[in-house]
Every structure is written in C-alpha cells, then in structure tokens.
Amino acid sequence: MEVLLRLEALSRAVSALPMFPLFDAAHYVASTVALREQPGAVGVARHSPFACWFSAMLHCFGGAVLSGLMLAQPSVAPLSNTGSVLLASLVWYLVFYCPLDLVYRCAAFLPIRLVLSSMKEVSRTWKVLGGVTQARSQYKDGLLVMVAVGWARGAGSGLIGNFEQLVRGVWKPETNELLKMSYPTKVTLMGAVLFTLQQAGRLPIEEHHLVFVYTVFLVYSKVWMMLTGSASSPLAPLEAAMYRVFFALQPQEPTCTMQTCDQLSEPGNPTRSTSENSSTAGSVGLGSKVNSSDCVETQEHCLAKTEEILAQSTEHRTHLQKRK
Amino acid sequence: MEVLLRLEALSRAVSALPMFPLFDAAHYVASTVALREQPGAVGVARHSPFACWFSAMLHCFGGAVLSGLMLAQPSVAPLSNTGSVLLASLVWYLVFYCPLDLVYRCAAFLPIRLVLSSMKEVSRTWKVLGGVTQARSQYKDGLLVMVAVGWARGAGSGLIGNFEQLVRGVWKPETNELLKMSYPTKVTLMGAVLFTLQQAGRLPIEEHHLVFVYTVFLVYSKVWMMLTGSASSPLAPLEAAMYRVFFALQPQEPTCTMQTCDQLSEPGNPTRSTSENSSTAGSVGLGSKVNSSDCVETQEHCLAKTEEILAQSTEHRTHLQKRK
Amino acid sequence: MEVLLRLEALSRAVSALPMFPLFDAAHYVASTVALREQPGAVGVARHSPFACWFSAMLHCFGGAVLSGLMLAQPSVAPLSNTGSVLLASLVWYLVFYCPLDLVYRCAAFLPIRLVLSSMKEVSRTWKVLGGVTQARSQYKDGLLVMVAVGWARGAGSGLIGNFEQLVRGVWKPETNELLKMSYPTKVTLMGAVLFTLQQAGRLPIEEHHLVFVYTVFLVYSKVWMMLTGSASSPLAPLEAAMYRVFFALQPQEPTCTMQTCDQLSEPGNPTRSTSENSSTAGSVGLGSKVNSSDCVETQEHCLAKTEEILAQSTEHRTHLQKRK
C-alpha cells in the first residue's frame with residue numbers, strides 16, 4: 001500500500017516537472033549532437049554557419065513547426081519564445097564551435113549521453129501531451145487529428161527530416177520517416193495514440209499516471225537500447241504480429257522473392273568484386289513474397305542495375321591497375 | 001418544351017445529389033486503384049503499409065489538404081471527418097491487401113472501372129464548386145483566388161503529386177502537373193474558371209445548370225477517353241489554337257530547331273546502338289522553333305549529352321560481350 | 001544646416017513614395033528578366049507557358065507567399081490583389097513572348113537595366129519594412145519573428161528558390177540561399193535586423209531616416225556592383241571579420257586542409273585533362289583548416305571522387321579519339 005502511495009506521489013511529481021530550462025536544454029544538446037553526427041554536418045558548420053544554425057533549430061523545434069503548419073498556426077511561433085531560441089542557439093554554438101570541441105566531447109561521453117538522452121525522452125512525453133491537448137482545443141472529437149498533431153509535435157524533427165536535410169544541401173528522397181520509421185518515431189506514435197485515448201476518456205487511467213508510465217517506458221527502453229547497442233526495439237514483436245495479421249493476407253506465390261536491389265543502389269565500395277555483385281543480385285531475397293508482375297519488374301530492374309555496377313567496377317579496377 | 005422541363009428537373013436532381021457515401025467511396029476506390037497502378041506502389045504496400053496508407057490518403061484528400069494550405073486553414077482538417085477517413089482507409093486496405101486481390105481485380109474490370117471513374121468525375125464537380133465557394137467566403141472579389149482554390153480542391157492530388165511520390169520514396173523533379181498538365185488537371189482548371197465566373201455573376205447561367213452541363217461533359221469525355229484509349233483530349237484543338245495565338249508570336253528563325261535532348265536524358269535502353277543515339281541527337285527536332293541563342297545552348301547541351309551516352313553505351317556493350 | 005533640412009525633406013519624400021504601379025512594375029520586370037536568364041527558362045516558356053507564368057509569379061510575389069506561410073496567413077493572398085497580378089502577368093507575357101523580343105532586349109540593355117534594378121531595390125526597402133510591421137502586429141515583442149518575416153518578405157523569391165525551380169522541373173538540392181547566401185539575401189537580412197531594432201525602439205533613428213539611408217545604400221551598392229561587375233559585396237569585410245571572431249575558434253591543426261571537392265563534383269568539362277584533375281584534388285585547399293577526423297573523411301572522399309573523374313575522363317578521351 002505504501003509503495004502505491006509513493007508511486008502516486010512520484011507520478012504526480014513527474015507530471016508537474018517544469019521543462020524549461022533543464023529538460024529543454026538536454027533536448028537541445030541531444031538534438032544538436034545528433035545533427036553534428038550526421039555526415040557532412042561539420043562541413044556545413046564550417047562553410048555556412050547560418051544554414052547549420054537553421055538546421056539545428058529545425059532539429060530542436062521541428063515538432064512545433066510541423067504541428068503549427070498542420071493546425072494553420074504561425075510556423076514562426078517558436079521564434080517568438082526568445083528564451084528557448086537563445087538557449088538552443090547557445091547550445092548549437094557550443095556543440096559546433098567550442099574550442100577544443102570540449103562541449104561535443106563531453107556530450108558524446110557515454111554516461112553523459114545516457115543522462116541527456118533520458119532527459120530528452122522525458123521532454124518528449126510533454127511534447128506529445130501538449131500536441132494532443134492543442135489539437136483537442138480545436139477539434140473536440142477529432143481523435144485522428146489529436147493523434148496526428150501529438151505525433152507531429154513529439155517526432156517532428158524526424159518527420160520533416162527530408163526538408164531539414166535539404167537546408168544542408170542533402171537530398172535523400174529514397175527514404176523518409178514514413179517509409180522506414182525509426183524507433184523514436186514509432187514510440188511517439190504509440191504515445192500519441194495512448195494520450196489521445198486517455199484525453200477522450202477511452203482509457204481507464206488518469207493523466208498523470210499515463211505520463212509517468214509512458215515516461216518510464218521511454219527512458220527505460222532508450223537506456224536499454226543505448227547500453228546494449230541493440231537495434232531491435234521492444235515493440236518489434238508487436239509490430240511483426242500486427243504485420244502478419246493485417247498485411248500478409250494475400251496468398252504467397254512460391255517462386256518469386258523480392259530482390260534486394262536496394263543494397264545494390266548504394267554508392268558501393270568500388271573494389272568489391274564483380275562476382276560478389278552478380279551473386280548478390282541473383283540469389284538473395286528478403287523473404288517477403290510479392291505477386292508475379294512485380295516480381296518480373298523487380299528482376300529486370302535488378303538485372304539492369306547489376307550490369308551497371310558490373311560496368312562501373314570493372315572500369316574502376318582497370319584504372320586502379322593502370323595507376324599502379 | 002417537355003424535354004426542357006425534364007432536363008431542368010434532372011439538373012436540379014443532379015445538383016442535389018449527396019456525395020457521401022456513394023460518390024465519395026467511388027472517388028476513393030478510383031484514386032486508390034490509380035495509386036496501386038503506379039510503379040513501385042505494391043512494393044511500398046508490402047514494406048511500409050503506413051507510408052502506403054498516407055500516400056493513399058493524399059490521393060483521396062489531396063485537394064482538401066492543398067486548398068487548406070492555400071487558405072491558411074488546418075491541413076489536418078480532412079482527418080477530423082472521421083467517417084470519410086475510415087471509409088477511405090477501408091477502401092485502401094481492401095484494394096491493397098484483400099485476399100486473392102479480389103477488390104482490385106473487380107475495380108480494374110473495365111465496366112466497373114467505367115462506373116467508378118464516372119462517379120469520381122461527378123464528385124469532382126462538387127469539389128470544384130466547394131473550393132470556389134469556400135474561397136469566395138474569404139475573398140469576396142478575388143476571382144483569381146476563387147479559380148486557384150477551386151482548381152486546387154478539384155485537382156489537388158495531381159498538383160501535390162511530387163510530394164505524394166516523395167512519401168513513397170520516389171522523386172521525379174523533372175516533371176510535375178504544372179509543367180505537363182494531365183487532362184483531369186486541365187479540365188478541372190476550366191471548371192474552376194467557369195464556376196468562378198458563374199458565382200461572380202459574369203456567366204448568364206444558373207448554378208445547377210452549370211453543375212449539370214459540366215458534370216455531363218466530365219463524365220462523357222472520361223468514358224470516351226477510356227473506351228477509345230485516346231490520349232488526345234477534347235480540349236486539345238482549343239489549347240492548340242490558344243497556344244498559337246498567344247505564345248507563338250515570335251518570328252521563327254528558319255535554321256534552328258529545338259533538339260529533343262529530353263529523350264536522351266531518359267534512362268535509356270542499355271543495348272540501343274551508338275549510331276542510333278548519335279543520329280537522334282543530330283537530326284531530330286520537335287518542330288518548335290526557338291531563337292538562336294537558345295539554339296546554340298541547346299545544341300551544345302545535346303552534344304555533351306550524346307557524347308556521354310555514347311561513352312556509356314559503348315562501355316556497356318564491351319562488358320556485355322566480355323560476359324558472353 | 002540647409003543641407004540637413006533638404007536631406008530631411010528628401011528622406012520624408014522618399015519614405016512617402018507610392019510603390020504601385022511604377023516601382024512594382026520595375027520589380028516585376030527585373031524579376032522576370034532574372035527568371036528568363038536562368039538556364040532552361042526559355043524552353044519552359046515554349047513548352048508550358050503555365051508553369052513559366054507560375055514561376056514568374058513566384059519570382060514576383062515569393063516574399064508575400066513565404067511570409068504568409070510563416071504567419072499562417074493565406075498564401076494565395078497575393079492573387080487577391082488583382083491589379084498587381086495582372087500587371088505582373090502582363091510583364092511576364094511581354095518579357096517572354098513579345099515579337100522580336102523587344103521588351104526583353106530593352107530591359108536587358110545596361111542603362112535601362114540599371115534603372116530597373118535600382119527601382120527594384122527601392123521596392124525592397126518597402127517590403128522589408130512591411131514584413132517587419134506585419135509581424136509586429138502579431139508578435140509585439142518577438143524581435144526574432146520580426147526579423148524573420150521582414151527577411152522573408154524582402155528576399156522571399158530567393159529563399160524559396162529550390163521550390164520555384166521545381167515548378168520548372170529543375171531540382172538542385174545541393175545548393176540553396178541558406179547554404180550560400182547571395183548578396184541581395186544578405187543585405188535584406190541586414191535590413192530586416194535594422195528595421196526590427198528601429199521598430200522596437202532600440203535604434204536612435206527615425207523610421208523615415210532609416211528608410212532613406214537603407215534605400216540609398218541598397219541602390220548605391222547595386223549600381224556599383226553592376227557597373228564594376230564585382231562579385232565581392234560591400235559587406236564582405238564585415239562578414240569575414242565576424243566569421244573569424246565567432247566561427248573559427250577551434251585550434252587549427254596544421255597538416256590538414258579542406259579539400260576543394262566541390263569543384264570536382266561540378267559537371268566538368270569533358271575534355272579537361274586527367275593530370276589537371278588529379279593535381280587539383282591532391283594539393284589545392286580552401287585555406288580553412290578543419291579538425292583531423294573531418295580531414296581524413298574529406299581526403300578519402302576526394303580520392304574516391306578523383307578516381308571517378310579520372311575514370312570518366314580517360315574513357316571520354318578514348319571515345320573521342322575513336323570518333324576521330
């Protein structure tokens with residue numbers, strides 16, 4: 001009984017935590033460090049500090065910008081919160097330009113990184129909840145709107161990733177967070193659904209309890225994934241089960257497997273051998289069966305791609321030999 | 001006289017047709033089938049059902065999203081209409097994941113397809129009219145705004161096509177609906193102009209008559225194009241005449257024709273012969289004369305492109321021979 | 001004393017200048033001529049006048065569209081100002097389709113171009129001031145918002161450049177106005193900062209004085225840059241000093257210089273010699289030192305790129321020789 005009372009007190013304390021400045025700062029540091037670790041970001045910071053700053057602001061305030069766009073509220077609104085912007089700008093400056101790279105090295109040191117990431121996850125709960133209640137004030141019964149805005153607010157910087165990269169001159173249209181969701185995006189979506197159901201009175205749980213449970217889950221899974229270096233999320237079995245139930249109903253034709261052309265399209269190691277390439281394209285499959293028209297299309301596509309890579313790599317080797 | 005009275009009654013009946021659920025459902029089915037028939041869509045449906053669902057929603061509600069963005073109204077608004085979203089999601093699910101592909105095969109069966117497409121065209125009239133009146137409530141005398149919003153509402157999914165494709169990881173910047181309008185986009189623009197003029201009292205016709213005439217025209221031309229497989233639209237002569245009057249005023253210099261470099265830039269058939277390529281670049285013209293500075297620029301561009309393709313294809317043949 | 005009084009009268013007169021129709025028309029002409037001089041624009045004008053018109057409107061009204069999006073005001077609002085749109089459309093039509101290219105040739109004639117560009121710069125002042133005051137009416141103390149909106153209004157067509165190009169089927173993700181600011185964008189940002197400080201009472205100067213001084217500076221520097229053909233802006237020393245103070249704090253490691261891979265990635269002259277390429281990649285540096293991890297990464301990147309170009313150019317030469 002006493003334990004329950006203590007948990008109750010703890011959950012009330014957690015749901016009354018002020019985000020500014022401590023948790024916000026941790027969010028800014030973790031986001032800016034994540035930006036800095038993207039390929040090419042340091043170069044952008046050298047050549048055009050302004051684009052780098054803008055990109056960092058999108059990392060820090062992407063959720064607010066995106067949810068603003070979705071609800072037709074000014075997308076410059078985050079800039080009106082001068083304190084937050086100055087704090088985020090200071091963090092950006094220190095992470096990218098601090099002498100001896102002291103700040104970045106500290107923030108990238110595993111124990112500190114663990115603390116920062118955990119605090120960032122705590123601030124995520126608040127953002128999701130904020131998005132859901134903001135949407136609810138405009139769309140009383142719009143459950144889907146509440147989910148969408150809560151999700152956008154909590155995982156915005158990921159969802160606008162393609163356009164954030166564009167600021168830095170990087171364009172990767174072949175991937176995005178909808179096509180291949182990262183773990184934070186997934187877990188934020190789950191949180192948005194839970195908070196929406198709670199706010200609409202469909203979940204028999206009080207708000208501060210849900211805040212507490214969801215935050216603990218976020219922090220625990222984040223720490224666990226960072227410590228074990230595991231890429232498989234705690235949600236993976238659930239997802240796989242849902243996928244099998246809902247999206248694998250079609251009878252699977254036995255002879256044709258989806259070719260892994262994707263790995264061929266990567267800017268490959270120029271010295272990998274020709275035979276390796278052709279065998280890759282010829283036999284490896286993802287195991288997910290597709291219907292036969294797709295199959296033929298994919299195979300032709302892969303063949304063409306293999307020939308292309310063959311040509312490139314042979315040519316490369318020839319030139320490398322010539323240079324020797 | 002009796003015929004006129006009957007037509008009058010019919011046009012009143014048509015303009016009082018409720019769109020939900022029947023015509024809306026037909027629109028969703030036709031849109032989702034169109035999505036499914038795009039290259040790569042089935043693969044996306046396999047690997048990331050969520051991106052596929054989002055893409056389908058953009059196909060179904062693209063017009064509402066785009067007109068919302070243009071009028072600074074929430075772009076998530078379509079999600080607040082839970083009934084429509086659930087219906088569209090159900091349609092999406094059945095078209096992509098139904099066992100034995102029953103729903104898709106049915107919907108793709110020509111007679112059913114004809115009916116669905118016709119119903120979709122009927123719903124287009126309502127969307128255009130809805131967009132025009134929505135814009136009019138904000139911009140009383142803004143004829144251009146009314147045209148723009150009516151057009152966006154009626155042909156939105158086409159106009160945001162580049163970004164809808166981006167959701168599926170496809171990026172084709174070299175083409176868009178403004179650069180090369182499809183027939184539905186053109187005819188929707190025409191409709192937006194007509195309804196705007198009618199609403200502003202510049203056309204001596206009543207609303208329900210215009211609704212009737214425009215709907216009949218849409219359905220008739222759609223059915224005709226589907227049955228004959230004709231790509232040339234009923235508007236083509238009108239367009240050609242307008243083009244000749246307004247945009248071909250410049251004196252045409254005799255010696256220089258626009259090179260068809262575009263076809264060179266296509267990801268060409270790797271086995272097409274070298275001579276074929278060079279002759280293509282050297283002599284084929286579109287017939288549309290351009291002034292001489294462009295001409296030189298284009299020729300140089302084409303020459304460079306031809307050399308590039310020459311190099312690639314020769315190299316390809318060499319490797320193909322080696323592999324034999 | 002008399003001179004001061006005259007200047008006072010002059011500055012009041014300048015700040016009371018009406019923009020429509022004369023200065024607006026000059027802005028439209030200068031913007032449309034700039035569009036026409038972009039590679040490929042004339043071709044677009046031939047093949048799809050509508051895309052060309054839309055692109056021209058983005059050039060003329062890009063600032064209003066962007067600032068509308070930022071403040072959640074209708075982005076179609078510029079279309080509601082029928083007079084301006086008709087004027088801009090007329091200008092667009094004459095610049096692209098006038099018989100004998102009379103209008104374009106006149107506008108491109110240096111003295112006339114100087115006058116037009118100067119008038120365009122005058123209208124820029126009004127746009128920046130308009131943006132700042134518009135933002136101030138929504139965000140009383142949001143200095144950053146005022147700067148952002150003033151900047152967007154004054155330099156909008158540059159800032160949305162990537163998407164304006166997309167309308168014409170051109171996509172250059174590797175560059176944008178944030179990554180590599182043009183002079184007009186920079187000077188507009190400076191103006192937005194100055195007007196924001198003035199409006200917030202932080203600058204001891206009256207509005208009409210600032211308008212006068214800023215306008216004179218804009219016109220003077222524009223004319224000077226056009227006459228001397230100089231690419232270096234009057235702001236360059238200031239920028240360089242700021243860069244050195246704020247963004248070059250990290251200790252500079254002596255052995256590694258940033259490679260100029262960028263110039264390698266340009267679509268190179270196909271006939272440039274192999275040795276030239278390799279020496280470029282091997283020794284030329286930008287002079288901006290980077291830390292060692294980047295250094296290794298960059299060098300590897302450059303090496304790979306050099307090999308690629310080597311391969312391409314050798315192959316090219318072979319084929320050119322074969323064709324002879």
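Okay, let me start with what I mean by a cavity: on a 1 Å grid over the protein atoms alone, a set of points where a 1.4 Å probe fits but cannot get out. Its volume is the space filled by probe spheres set on the points, with grid points joined across faces, edges and corners.

A word on the source: this is a predicted model, where local features need pLDDT of at least 70, side-chain atom pairs count only at pLDDT 80 or more, and totals for chains, interfaces and linings use all residues. Residues are numbered from 1 along each chain as its sequence is written, chains are lettered from A and ligands numbered from 1 in the order written, and side-chain values use heavy atoms, with hydrogens and water left out.

So, how many cavities of 30 Å³ or more are there? Just one, and the largest cavity holds about 100 Å³ of space. Lining residues (an atom within 4 Å of a point) include A:Gly68, B:Gly68 and C:Gly68, along with A:Gln73, B:Gln73 and C:Gln73. Helix H4 (49-70) of chain A, of chain B and of chain C each give at least two lining residues; helices here are DSSP runs of H or I, at least four residues, numbered from the N terminus.

Now chain A. Of its 324 residues, 49% are buried, meaning under 20% relative accessible area with a 1.4 Å probe, protein chains only.

Last one, helix H2 of chain B, residues 22-36. Is H2(B) enclosed or open? Well, 13 of its 15 residues are buried, so H2(B) is largely enclosed by the rest of the structure.

How values were computed. Buried < 20%, exposed > 50% of the residue type's maximum accessible area, 1.4 Å probe, protein only. 1 Å grid on protein atoms, 1.4 Å probe; cavity = no way out; pocket = protein on both sides within 12 Å on 5 of 7 lines; lining within 4 Å. Expected span 1.5 Å × (residues − 1).
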